Amino acid sequence: MHELNLPPFEVKLKGTREKPEIFDFLRRRYVALTPEEWVRQHFTHWLVEHKGYPKGLLGNEIALKIGEKTLRCDSILYDQRAQPRMIIEYKAPTVPVTQRVFDQISAYNLLLHVDYLMVSNGLQHYCCRMDYQHKSYEFMRDIPDFSALY
């Protein structure tokens, strides 16, 4: 797997060389180890272990229904009332973070109306704060600590 611009953590792997799996500490089960999943696991561990995000307020692979269509948010941060506060989208390290990625996460936000959107390919990380009153957004200098969100 690619080396990422994120701190290491204690990786738990199983499966075969052809079908490796990684332990997802949020879903509490092993999942297929894809390049995107490699980024997701590193990023969520970083948020919890280094940025102070409560593990119990994060969810991975959250399904959203739009009529007959089901979309999946890579990760969602909830507030204490179980309301979505942040959507996080991951891409494989070989996938550049482009406007198309932000268009994808913005489509999810039409349903959730969160305060923050975050995107990472494991090498580059972006976070923007939504301003619904002025119909705009602001890119933040760094990925905020959890305490800075409130």
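A residue is taken here as buried when its relative accessible area is under 20%, and by this criterion Asp-74, with a relative accessible area of 4%, is buried in the predicted model. Arg-40 is likewise assigned to the buried class, its relative accessible area being 2%. The side chains of these two residues, Arg-40 and Asp-74, meet in a salt bridge with an N to O distance of 3.9 Å. The pair links distant parts of the chain, since Arg-40 belongs to helix 1 whereas Asp-74 belongs to strand 5 (residues 69-78), with their positions 34 residues apart in sequence.

A search of the whole structure returns ten salt bridges. Among them is the pairing of Asp-24 with Arg-27, whose side chains meet at 2.4 Å, N to O; Asp-24 counts as buried because its relative accessibility is 0%. Glu-89 and Lys-91 form a further salt bridge, in which the closest N and O atoms lie 3.3 Å apart. Glu-89 is buried at a relative accessible area of 1%, and Lys-91, at 15% relative accessibility, also counts as buried, because the limit for that class is set at under 20%. Through shared partners, salt bridges join Asp-24, Arg-27, Glu-36, Glu-37, Arg-40, Glu-61 and Asp-74 into one network.

The nonpolar interior was examined next. In soluble globular proteins, nonpolar side chains tend to be buried together. The largest nonpolar core in the model comprises 27 residues, and those with the most contacts inside it are Phe-43, Tyr-53, Leu-77, Met-86, Ile-88 and Met-118. At least two residues of this core are supplied by each of helix 1 (35-51), strand 6 (84-90) and strand 7 (116-120), and helix 1 gives the most, with five residues. Once residues up to four places away in sequence are set aside, Ile-88 touches Phe-43, Leu-47, Leu-58, Asp-74, Ser-75, Ile-105 and Met-118. The contacts of Ile-88 thus include Asp-74, the residue that is paired with Arg-40 in a salt bridge. A second core, separate from the one just described, contains 16 residues, including Leu-64, Leu-71, Phe-102 and Val-119.

Thr-44 is found in helix 1. With a relative accessible area of 0%, Thr-44 is buried, and, leaving aside neighbours within four places in sequence, Thr-44 is in contact with Phe-25, Leu-26, Asn-60, Ser-75 and Tyr-90. Ser-75 therefore appears in the contact lists of both Thr-44 and Ile-88, where contact denotes heavy atoms within 4.5 Å.

The largest pocket has a volume of about 170 Å³. The residues lining this pocket are Gln-99, Phe-102, Ser-106, Asn-109, Leu-110, Leu-117, Cys-128, Met-130, Tyr-137 and Phe-139. Two or more of the lining residues are given by each of helix 2 (99-112), strand 8 (125-131) and strand 9 (136-139), and the largest share, five residues, comes from helix 2. In chemical character the lining divides into seven nonpolar and three polar residues, with no charged residue. Phe-102, one of the lining residues, is also included in the second nonpolar core.

Several positions in loops were also considered. Leu-123 is found in the loop between strand 7 and strand 8, and its relative accessible area of 35% places Leu-123 in the partly exposed class. When residues up to four places away in sequence are not counted, Leu-123 touches Glu-3, Leu-4, Asn-5 and Pro-93. Leu-123 and Val-97, which are 26 residues apart in sequence, lie 9.6 Å apart in space, C-alpha to C-alpha.

Most residues other than glycine have a negative phi. Against this background, Arg-28 has a phi near 55 degrees, a positive value in a residue other than glycine. Arg-28 is found in the loop between strand 2 (20-24) and strand 3 (29-32), and at 65% relative accessibility Arg-28 counts as exposed, because that class begins over 50%. A positive phi, near 55 degrees, is likewise present at His-113, which is placed in the loop between helix 2 and strand 7.

Conventions:
Residues are numbered from 1 along each chain as its sequence is written. This is a predicted model: local features need pLDDT of at least 70, side-chain atom pairs count only at pLDDT 80 or more; totals for chains, interfaces and linings use all residues. Side-chain values use heavy atoms; hydrogens and water are left out. A nonpolar core is a set of buried Ala, Val, Leu, Ile, Met, Phe, Trp, Tyr and Cys residues joined through side-chain atoms within 4.5 Å. Buried means under 20% relative accessible area, exposed over 50%, partly exposed in between (1.4 Å probe, protein chains only). Helices (H or I, at least four residues) and strands (E, at least two) are DSSP runs, numbered from the N terminus. On a 1 Å grid over the protein atoms alone, a cavity is a set of points where a 1.4 Å probe fits but cannot get out, and a pocket is an open set with protein on both sides within 12 Å along at least five of seven lines; lining residues have an atom within 4 Å of a point. Grid points are joined across faces, edges and corners, and a volume is the space filled by probe spheres set on the points. Ala, Val, Leu, Ile, Met, Phe, Trp, Tyr, Cys and Pro count as nonpolar, Asp, Glu, Lys and Arg as charged, and the others, Gly among them, as polar. A salt bridge is a side-chain nitrogen of Lys or Arg within 4 Å of a carboxyl oxygen of Asp or Glu.
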